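Colleague: I am new to this structure and would like a close look at a single part of it. Could you take me through one helix and its surroundings, and then add a few local details from elsewhere in the chain?

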Amino acid sequence: MNTALEIVLPGRVEPNGLQVTQRDLPAPGPRQALVRVEASGVSFAEQQMRRGKYYDQPAFPFVPGYDLVGTVIEVGAEVDPTLIGRRVAALTKTGGWSSLVVLDAAELVRVPGELDPAEAETFVVNGITAWQMLYRSASVRPGQTILVHGANGGVGSTLVQLARAAGVHVIGTASARNAAAVEALGATWIDYRGDVAEQVRSLAPNGVDAVFDHVGGPGIVDSFRLLAPGGTLVSYGTASTKNDEGNSRLPVLRLFAKLLWWNALPNKRSAHFFNIWAGKRNATRFRNRITEDLGAVFDLAAAGTLRAQVAARIPLTEAARAMELAESGTVTGKVVLVP
């Protein structure tokens, strides 16, 4: 029997309400693997979950942790024993804030040996999200111009780097304190506190080829209007409503309705909502797509094309402090929990 240290979210609490607990884990069953977690991220999803605002979160209490990187230490029947000792990554949605996890072996993606665990962790959910939005949703091409909201964030900074590596010009919104960090990634910075539409039009008078918007709310209208003919809006969140009271699904449903209406109009522009879990009903196809896309991101990181944006490495037992830092809006990149 293995004992795991876990961080439990007991209900709608402030970060200091997170609980440090221990739990005995069974040995991995058939087609499963036991993974010693070396890094797990603090993303916007967990921030929403603690407010009870994530669209399809489980009932309280539960262990948060959307993704992780770790080493396989034991496998069950029907699993290749050479997997033991391998560093792997997994997209979990919940459960990652633990020292040990049991996962389906088919869901594990191998991590190149030259990547540091915390650095590799910043590319799991962020890398999959950025890659799929760029190439599967917006089909960006060299020479195009895109707008990335929150270019200093975990997903935003990865989007900027992937796009620049593909020869795409990037305009990135962020606060003035993060301007230098955004420019260092290769984007043209604009201040999100100013008139974003006016700033974008001064740089791209004919509009941009794609907008990546995690904010939602009233500003989504400007995001759509800034598209050039043939352009694509990719919405992947409703951050502007994170503190709103009421049903957590309503902001998302309103956004869906708006995107559907825009797609029905003869305006030569398209709008999509990105959901990383889309297509999961076809488990084999979903896993293959995750493995392919995350593998491509890891290869670019191992080659030095992508630079990991680790905002901070904080011990797992100090998850409350990590959550507070991630929610502060003062960091570039991703806060990572480590053993």
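Modeller: What follows is a description of helix α9 and its surroundings, and then of some local details elsewhere. Please keep in mind that this is a predicted model.

Helix α9 spans residues 283-302 and, together with strand β6 (100-104), is one of the elements that give two or more residues to the lining of the second largest pocket. That pocket has a volume of about 190 Å³, and 13 residues line it, of which Leu-91, Glu-107, Trp-277, Lys-280 and Phe-286 are the closest to its centre. The helix α9 gives the most to this lining, with 4 residues. In character, the lining of the second largest pocket divides into 7 nonpolar, 2 polar and 4 charged residues.

The helix α9 also packs against helix α3 (residues 125-137), at an angle of about 100° and with the two axes 9 Å apart. Because angles of 65 to 115 degrees count as roughly perpendicular, α3 and α9 are therefore roughly perpendicular to each other. On the α3 side of the contact are Gly-127, Ile-128, Trp-131, Gln-132 and Arg-136, and these meet a set of residues in α9 that includes Arg-289, Ile-290, Glu-292, Asp-293 and Leu-294, as well as Ala-296, Val-297 and Leu-300. The residues of this contact of α3 with α9 divide into 7 nonpolar, 2 polar and 4 charged.

Turning to charged pairs, side chains of opposite charge can pair when their charged atoms come close. The count for this model comes to 15 salt bridges, and one of them is formed by Glu-78 with Arg-31, whose closest N and O atoms are 2.9 Å apart. This pair links distant parts of the chain, 47 residues apart, with Glu-78 in the loop between β4 (67-75) and β5 (87-91), and Arg-31 in the loop between β2 (19-25) and β3 (32-42).

Two details of the backbone remain, and as background, most residues other than glycine have a negative phi, and most peptide bonds are trans. Phe-60 and Pro-61 are joined by a cis peptide bond, with omega about -5°, and Pro-61 lies in the loop between α1 (44-49) and β4. Lys-93, although not a glycine, has a positive phi of about 70°, and its place is in the loop between β5 and β6.

Methods
Residues are numbered from 1 along each chain as its sequence is written. This is a predicted model: local features need pLDDT of at least 70, side-chain atom pairs count only at pLDDT 80 or more; totals for chains, interfaces and linings use all residues. Side-chain values use heavy atoms; hydrogens and water are left out. On a 1 Å grid over the protein atoms alone, a cavity is a set of points where a 1.4 Å probe fits but cannot get out, and a pocket is an open set with protein on both sides within 12 Å along at least five of seven lines; lining residues have an atom within 4 Å of a point. Grid points are joined across faces, edges and corners, and a volume is the space filled by probe spheres set on the points. Ala, Val, Leu, Ile, Met, Phe, Trp, Tyr, Cys and Pro count as nonpolar, Asp, Glu, Lys and Arg as charged, and the others, Gly among them, as polar. Axes are lines fitted to C-alpha atoms, for helices over the stretch in contact, and angles run from 0 to 180 degrees between N-to-C directions. Angles under 35 degrees count as roughly parallel, over 145 as roughly antiparallel, 65 to 115 as roughly perpendicular and the rest as oblique. Contact means heavy atoms within 4.5 Å. A salt bridge is a side-chain nitrogen of Lys or Arg within 4 Å of a carboxyl oxygen of Asp or Glu.
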